[in-house]
Amino acid sequence: MSSSRRGRTYLGLWGAEELDGRYEVAWNRRLRTTAGQARLRSLRIELNPRLLERHPERVLEVFVHELAHLVVYRRHGRAARLHGRQWRALMRRAGFAPEPRHGMDVGELARGSWLYLHLCLGCPAWWITRRLRRDLVCPRCGPDRVEVHRAPGRSEGLHALEQLGRRHARRQAG
């Protein structure tokens, strides 16, 4: 069944037939770890061909996830939260768990992404960010007191940075 026929099925289920034939679906090879994205204003759904090729059983779910974003945006505009109650209700109605993140193994597709741990050298404070923040200032201690560590942007890297942050907080507090 084509994406337009599947889309028509879900739009009918949601009472959003006015969107039938008005949205576009495309593969976007530039997506790395994102399974799909909805371009709200242009009514365009972009899917990650490399990730969904590895997980073909999830293509329909990702498509419906993004289509639900378009429906919510058309009904509520920017007033609705991205994965808020309106979106969750549509996902449940379509028979899918309303999960904002896909949880698929991205493997080497995630290469090059990093997580950064920012430690304040004057107090127990620490933060983990996806971007290096040279401008980050500790609210208690002020500027020039932050040390940065990085790890791969996968769950192992996050776990290692969290442990390092907790150790830092214990040392500074005690």
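Reader: Hello! Which residues are linked in a network of salt bridges?
Author: Welcome! Please keep in mind that this is a predicted model. One pair in it is Arg 39 and Glu 46, whose side chains meet in a salt bridge with N and O 3.6 Å apart. The network of salt bridges links Glu 24, Arg 39, Arg 44 and Glu 46.

Reader: Is Glu 46 buried or exposed?
Author: The salt-bridge partner of Glu 46 is Arg 39, and Arg 39 is partly exposed, with a relative accessible area of 39%. Glu 46 has a relative accessibility of 6%. A residue under 20% is called buried, so Glu 46 counts as buried.

Reader: Which residue stands opposite Glu 46?
Author: Glu 46 belongs to strand S3, which covers residues 44–47. S3 pairs in the parallel sense with strand S1, residues 24–27, over 4 bridges. Opposite Glu 46 stands Ala 26.

Reader: In what order do the strands of the sheet come?
Author: S1 and S3 run parallel, while S2 (residues 36–39) and S3 run antiparallel, joined by 4 bridges. The pairing in this open sheet of 3 strands is therefore called mixed. S1 and S2 are the edge strands, each pairing on one side only. The order is S1-S3-S2.

Reader: By how many degrees are neighbouring strands of this sheet turned against each other on average?
Author: The sheet in question is the open one with 3 strands. With direction ignored, the average turn between its neighbouring strands is 20°.

Reader: Which residue of S3 is the bridge partner of Val 25?
Author: Two pairings help here. On the S2 side, Ala 38 stands opposite Ile 45 in S3. For Val 25, the bridge partner in S3 is Ile 45.

Reader: Which residue in the turn of the S2 and S3 hairpin has a positive phi?
Author: The two strands of this hairpin are antiparallel, with 4 residues between them. The residue in the turn with a phi of about 55° is Leu 43.

Reader: What does Leu 70 contact, leaving aside its neighbours within four places in sequence?
Author: Leu 70 is one of the buried residues of helix H3. Contacts of Leu 70 include Ala 38 and Ile 45, a pair that stands opposite each other in S2 and S3. The full set is Leu 19, Tyr 23, Ala 38, Arg 39, Leu 40, Leu 43, Arg 44 and Ile 45.

Reader: Which element gives the most to the largest nonpolar core?
Author: That core has 30 residues, and those with the most contacts inside it are Trp 14, Tyr 23, Val 64, Leu 67 and Leu 70. The elements that give two or more residues to it are H1, S3, H2 (49–54), H3 (59–76) and H4 (85–93). With 8 residues, the one that gives the most is H3.

Reader: How many residues does the second, separate core have?
Author: Leucines feature in this one: among its members are Leu 115, Leu 117, Leu 119 and Leu 161. The number of residues in this second core is 5.

Reader: How far does H3 reach from its first C-alpha to its last?
Author: H3 has 18 residues. At 1.5 Å a residue, a span of 26 Å is expected. Just after the helix, Gly 77 takes a positive phi of about 65°. From first C-alpha to last, H3 reaches 26 Å.

Reader: How many residues apart in sequence are the parts that Arg 8 and Asp 20 tie together?
Author: The side chains of Arg 8 and Asp 20 meet in a salt bridge, 2.8 Å from N to O. Arg 8 lies in helix H1 (residues 3–14) and Asp 20 in the loop between H1 and S1, so the pair ties together parts whose separation in sequence is 12 residues.

Reader: Is Arg 8 buried, exposed or partly exposed?
Author: Its partner Asp 20 has a relative accessible area of 30% and is partly exposed. Arg 5, also found in helix H1, is partly exposed at 48%. Arg 8 has a relative accessibility of 43%, so it counts as partly exposed.

Reader: How many salt bridges does the structure hold?
Author: One of them joins Arg 133 and Asp 135, with the closest N and O atoms 3.0 Å apart. In that pair, Arg 133 is partly exposed, at 35% relative accessibility. The number of salt bridges in the structure is 6.

Notes: Residues numbered from 1 in each chain as written. Predicted model: local features only at pLDDT ≥ 70, side-chain atom pairs only at ≥ 80, totals over all residues. Heavy atoms only, no water. Salt bridge = Lys/Arg side-chain N within 4 Å of Asp/Glu carboxyl O. Buried < 20%, exposed > 50% of the residue type's maximum accessible area, 1.4 Å probe, protein only. Core = buried A, V, L, I, M, F, W, Y, C linked by side-chain atoms within 4.5 Å. Contact = heavy atoms within 4.5 Å. Expected span 1.5 Å × (residues − 1). Axes fitted to C-alpha atoms, helices over the stretch in contact; angles between N-to-C directions.
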